[in-house]
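Open the model in your viewer and keep the sequence panel in sight. We will go stop by stop.

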Amino acid sequence: MLRIEEARQRLLGGIAPITETERIAVPDALGRILAEDVSAPVDLPPFDNSAMDGYAVNTQDPVWRGAPPFALQVIGTSFAGRPWHGKLTRGAVRIFTGAAIPNGADTVIAQEDAEHTDTHVVFNKTPSPNRHMRPVGDDVKKGSQIFARGDQLRAFELGWAAACGIETLSVFTRPKIGVFATGDELRAPGTALAYGQIFESNRLMLRSVSANLPAHVRDLGILSDDRAQLHAALGRAAQQHDMLITSGGVSVGESDYVRNVVETLGSIEFWRVAIKPGKPFASGRIGNCLFMGLPGNPASAVVTFLLFVAPAIRTLAGGHAPAPIEVDAMLDVAIEPSATRTDFQRGRYSQQRDGLHVAPTGSQGSNRIGSFRDANCLIKLEPGVNVRASGERVSILPFAGLLG
């Protein structure tokens, strides 16, 4: 069995990202992967503006040479979008947040530091220059790089692009991902179950956890444990997709044919990883199509998807796949890890006064889809320790970091 780090390295190192690109409107680019570096076409902000409501003044005004209080005539108002167009040498200009700094002003005095009369404003302190002002290019300078090829576009990046006046972006086309479930016992929800049959849930879960990934994920249905059907369906789907994901059929059972069928159509790069749950995970390819064989048990399928398939999809899509974020948390209960494999138990963490605390979400059997109810992280437990006691510190992988 491969250690998790070796499996991840071999998997991601063997993926050639797609190269096809398209140019799309910024509002449609959420979640997409940039195909080129992007530079700011303008300074942001494009003019000196005020960081707060107050009064724009010139600190060289002779009025400041006297003793406080200082009374200045209000000679105009600069609104956001409606600047005052005169030149300020004496007096004060009423100014609002985001409004252009008048020509000649070199500082802004906050309105709470002023007293108002009908025609004048009174200050009790001598102002310092360059206060409460946002200079041209304070956020970004024209021509400077704001995004890099391979960046995934979130809401914040789209907002920055819009603020810079960018209308379209070049992104990689989304890879086509097909998802199969396999097993004679599986039936779609809504159909009648015979004795020994169960409702299939992995396809829905895998498509749902893929929502934030830059890919087209298609449900390709349920395949029975039949070599001929598997051979035909996988071979045909591989010609139409960039990656195929299956759940079930990659273990060592007598009817687990998927791995052998993939070997006849293409190759298996590696099989079995030293993790719990998810040991039977397989990676390979059929022609130019990547193959990801997930175990059939729901918990195993989701864990291997989060640890291996999600970063593989990001890499295939032209993006970055950094190592999962791990943080420390204190165990609230004692738990028993696997003796020989890295154990990923489903858990829920919370912020408490003395830091992060975590506890597993009930029974951790690989068939227990209910272990994900209320879970918000994976608890990572290295092998070799019989029991992790309550109060010990462990590593957790928050779902927010795994799902992107």
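Start with strand 13 (residues 176–182), which pairs with strand 16 in the parallel sense over six bridges. Strands here are DSSP runs of E, at least two residues long, and helices are runs of H or I, at least four, numbered from the N terminus. Two strands pair if DSSP finds at least two bridges between them. Now click isoleucine 177: its bridge partner in strand 16 is valine 217.

A word on the model. It is predicted: local features need pLDDT of at least 70, side-chain atom pairs count only at pLDDT 80 or more, and totals for chains, interfaces and linings use all residues. Residues are numbered from 1 along each chain as its sequence is written, and side-chain values use heavy atoms, leaving out hydrogens and water.

Next, show the whole sheet. It is open, has six strands in the order 16-13-17-21-20-18, and its pairing is mixed. Find its edges: strand 16 (216–223) and strand 18 (267–271) each pair on one side only.

Select helix 1 (residues 4–13). Helix 1 lies across strands 18, 20 (282–286) and 21 (289–294), where contact means heavy atoms within 4.5 Å.

Then pick helix 5 (residues 258–265). Helix 5 lies across strands 13, 17 (243–247), 18, 20 and 21.

Last stop: helix 6 (residues 298–316). Is helix 6 mostly covered or mostly open? Mostly covered: 19 of its 19 residues are buried, meaning under 20% relative accessible area (1.4 Å probe, protein chains only). After helix 6, select glycine 318, whose phi is positive, near 95°.

Technical notes:
The bend at a residue is the angle between axes fitted to the seven residues ending there and the seven starting there. Buried means under 20% relative accessible area, exposed over 50%, partly exposed in between (1.4 Å probe, protein chains only). Axes are lines fitted to C-alpha atoms, for helices over the stretch in contact, and angles run from 0 to 180 degrees between N-to-C directions.
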